[in-house]
Amino acid sequence: MRSTMTLRSAARTSAGMFVSNWQNNMTQTSNSLRTAQLTAAPVSLVARMLLGVCAMVLIAAAPAVAAGDFNAINAPPPRGIVSRLRSEHPRLLASRADFEKLRLGVKEDATLRDWRGKLAARAERILSEAPSKYEIPDGLRLLGVSRRVLDRVYTLALMYWLDGDQRYPSRAWKELEAAAAFPDWNPRHFLDTAEMTHAFAIGYDWLYDCWTSEQREILRKAMVEKGLGPALRCYQGKANYGRWMNVRHNWNQVCNGGIGMGALALGDVEPELAGELLKNAIESIQLPMREFAPDGAWAEGPGYWNYATQYNVVFLAGLETALGTDYGLSDIRGFAEAGMFPIYITGPLDRTFNYADGGEGPVRAPQMHWLGRRFKRPAYAVYQRNLATPHPLDLLWYDRALAGESIAQLPLDRRFRGAEIATFRSGWANREALFVGFKGGDNKANHSHLDLGTFVLDAGGTRWAVDLGADNYNLPAYFGAQRWTYYRLRAEGHNTVVINPGTGPDQEPSAAAPLIQYESKSGAAFAIADLTAAYAKHAQSVRRGVAVVGRKHVIVQDEINGAGATNIWWFMHTPAEIEIGKDGRTALLKSGERRLSARLLAAPAEAKFQVLPARPLPASPNPGGQGSNEKLRKLALRLEGATGGVISVAFGLEPPEGNDSVKVPSFLGLESWGKTDWKFQTASLFSLSGSGSLAASSAVKTLRSLDHK
Ligand SMILES: [Zn+2]
């Protein structure tokens, strides 16, 4: 019931996660599946997982906006849709003419030639691999198999169009024949069914001329019995395969997209079934498509942005090539901006701000070419040209004219409303650049963590503040009642504050945190999140601001106005070694030759930096089976018995050894951000010159001003 994509950092993240790329997918999935076997799955466990997952999907399905507040696109009647169908094959994503154009492009363009070579090598490997078998290693998901079939079929079919080598369709047939004989395509976890249907749609359509009528009949029958039929029963409410058609997250796009492709492939031989499915898919997919508005972000995190938009775009592109129209779906507000998300959520080291369940590997997204062309956004195409490994659709959708441009003219900062995220950087295409990702957001979002207020920080070629990402999807009730017992999903496993920690969730699971202020100027850029709802039981108001000053200094500032005596923790996860200054008010993070200082610009006198392992607090739950976070540690602060406080931490790269004094920003209360420019003070490596008292008095003043509000 839940997507199991794979992370690039699978070693750390174990089973069943997100893939940032359709190829990586396969190796990583097998990796995950292996881990999953270890944890799998007495029947009762699977049942609990299913219940938990259902619960999560239901929560996530709760409308984020009231129905009727957008102009829904009414799909025409089923017969009207099918009447537009082009009769010839191929008609999915590409026509014969498109493939011919690509063959020419490969001769003329060095990028395409390079990609073709890599794809040919992969196709050659596939020729010697055994066809896929029906395997559900974690007791729930066939998904790894569906994706392997999909990847093989795409690769072999595209290579056939490029080279005309008959070995490719022969091998593709073995793959499809094997999967056609599976007992089912695991509809209880409908993603598996949808992805397999997608694979068959491409295999049927792109290689149509290679098949005998008997072979076509085998493919048609399998698609109808194992994919399209079950999907129709889902739309009709007659099957218990999840309510994916009613949700606003990745499940909707993947299921509608995969099934939609099957319907377009068979529209002429199964007109009634295909028409009914397409009408439903066109209506249903609008739900998640509205979630990109207004700025293109995705609340499920970068990994699921990729999964959702892959299938979203495949469906739109399929409608376009097969019917000549997408019925206006791609014009839905915010969708044109979707390509901005991976660009801005990726830091200078090609690591993403991987909030929610996801890895920090780059988002490799061939759909960026399509989005770039559709919305005339060269930056989208440039982005993916630099990251393609490639996927067959990279070749098909690549546009030389677009991708020849540069990304460097884009503004350095961006705010994404809806998901409530802001990212800041000091430059593009420079591995040494400064990068900060910061989020408010909504703890109710599908795949969310209790991570309101968290941030990541890159500088000087190092990621200093990291997000731990997802844990093993097969942990008990990972998507259910036990979700907030897992460290990587709790606030204490993030770079945010925790107030009065205990055994329960350490942020309010229903809380949302808007970015209440955002500004981007060349000298300073910042965002302020109102985190009050996350800590409603413990404090009157909690705000966090993150500022980038002079494109060099990063300030993370919390202003907490407590209700009574509170126990406040401040955490930042880092792989760096940490040295704490004598007075506890500074810390030096070391990674190789690089050093990043953390200085308290303001904090109550008892606040002292300390180093903690990346593990649950003593009172926190700590169930077995969680991934190890041993390679990381936490820079931490603790305020005990405080009624609130200001905690302002300034980060900056230190000059190389030599102990030169540096200029760091002076403390500025959040209410002055955007109104007053930051002043600078002199600091040596482990002290701020005379600033201790200044910081403290400012802090007290700020607190008073908060009290009066
Ligand atoms: Zn997280």
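Two strands pair if DSSP finds at least two bridges between them, where strands (E, at least two residues) and helices (H or I, at least four) are DSSP runs numbered from the N terminus. All views show a predicted model, in which local features need pLDDT of at least 70 and side-chain atom pairs count only at pLDDT 80 or more, whereas totals for chains, interfaces and linings use all residues. Residues are numbered from 1 along each chain as its sequence is written.

**View A. The hairpin of E5 and E6.** Strands E5 and E6 pair in the antiparallel sense over three bridges, with Ala459 of the hairpin standing opposite Thr462 in E6. Two residues lie between the two strands, and Gly460 in this turn has a positive phi of about 60°. On the E3 side, strand E3 (residues 435-439) runs antiparallel to strand E5 (residues 455-459) and is joined to it by four bridges; among the bridge partners, Phe435 is matched with Asp458 of E5 and Gly437 with Val456 of E5.

**View B. The five-stranded sheet and the burial of E5.** The sheet is open, pairs its strands in the antiparallel sense and has the order E1-E2-E3-E5-E6. Its edges are formed by strand E1 (414-416) and strand E6 (462-465), each of which pairs on one side only. Neighbouring strands are turned against each other by 15° on average, direction ignored. In a regular strand the side chains alternate between the two faces of the sheet. For E5 both faces are covered, with Phe455, Leu457 and Ala459 buried on one side and Val456 and Asp458 buried on the other, so that five of its five residues are buried (20 or more other C-beta atoms within 10 Å of the residue's own; 12 or fewer count as exposed and values in between as partly exposed, with C-beta atoms placed from the backbone).

**View C. Helix H16 and its surroundings.** Helix H16 (residues 367-374) is mostly covered, with seven of its eight residues buried, namely Gln367, Met368, His369, Trp370, Leu371, Gly372 and Arg374. The cover over these residues includes helix H14 (302-323), helix H15 (340-345), helix H17 (378-387), helix H18 (392-397) and helix H19 (400-403). After H16 comes Lys376, whose phi is positive, near 50°.

**View D. The packing of H16 with H17.** The axes of H16 and H17 are 7 Å apart and meet at an angle of about 160°, axes being lines fitted to C-alpha atoms, for helices over the stretch in contact, and angles running from 0 to 180 degrees between N-to-C directions. H16 and H17 are therefore roughly antiparallel to each other (over 145 degrees; under 35 is roughly parallel, 65 to 115 roughly perpendicular and the rest oblique). H16 passes H17 in a left-handed crossing, that is, with the near helix turned anticlockwise from the far one by less than a right angle, clockwise being right-handed. The contact (C-beta atoms, placed from the backbone, within 7 Å) is made by Met368, His369, Leu371 and Gly372 of H16 and by Pro378, Tyr380, Ala381, Tyr383 and Gln384 of H17. These residues divide into six nonpolar, three polar and no charged, where Ala, Val, Leu, Ile, Met, Phe, Trp, Tyr, Cys and Pro count as nonpolar, Asp, Glu, Lys and Arg as charged, and the others, Gly among them, as polar.

**View E. The packing of H9 with H10.** Helix H9 (residues 190-206) packs with helix H10 (residues 213-235) at an angle of about 155°, with the axes 10 Å apart, and the two helices are therefore roughly antiparallel to each other. H9 passes H10 in a left-handed crossing. From H9, the contact draws on Thr193, Met196, Thr197, Phe200, Gly203 and Tyr204, and from H10 on Arg216, Leu219, Ala222, Met223, Lys226, Gly227, Leu228 and Pro230. Together the contact residues of this pair divide into eight nonpolar, four polar and two charged.

**View F. Cis peptide bonds and positive phi values in loops.** His89 and Pro90 are joined by a cis peptide bond with omega about -10°, and Pro90 is found in the loop between helix H4 (78-82) and helix H5 (96-108). The peptide bond from Ala293 to Pro294 is also cis, with omega near -5°, and Pro294 is in the loop between helix H13 (286-289) and H14. Ala429, in the loop between strand E2 (421-425) and E3, has a positive phi of about 55° although it is not a glycine; Ala429 is exposed, with 11 other C-beta atoms within 10 Å. Asn500, in the loop between strand E7 (497-499) and strand E8 (512-513), has a positive phi near 50° and is partly exposed, with 19 other C-beta atoms within 10 Å.

Key: Two residues are in contact if their C-beta atoms, placed from the backbone, lie within 7 Å.
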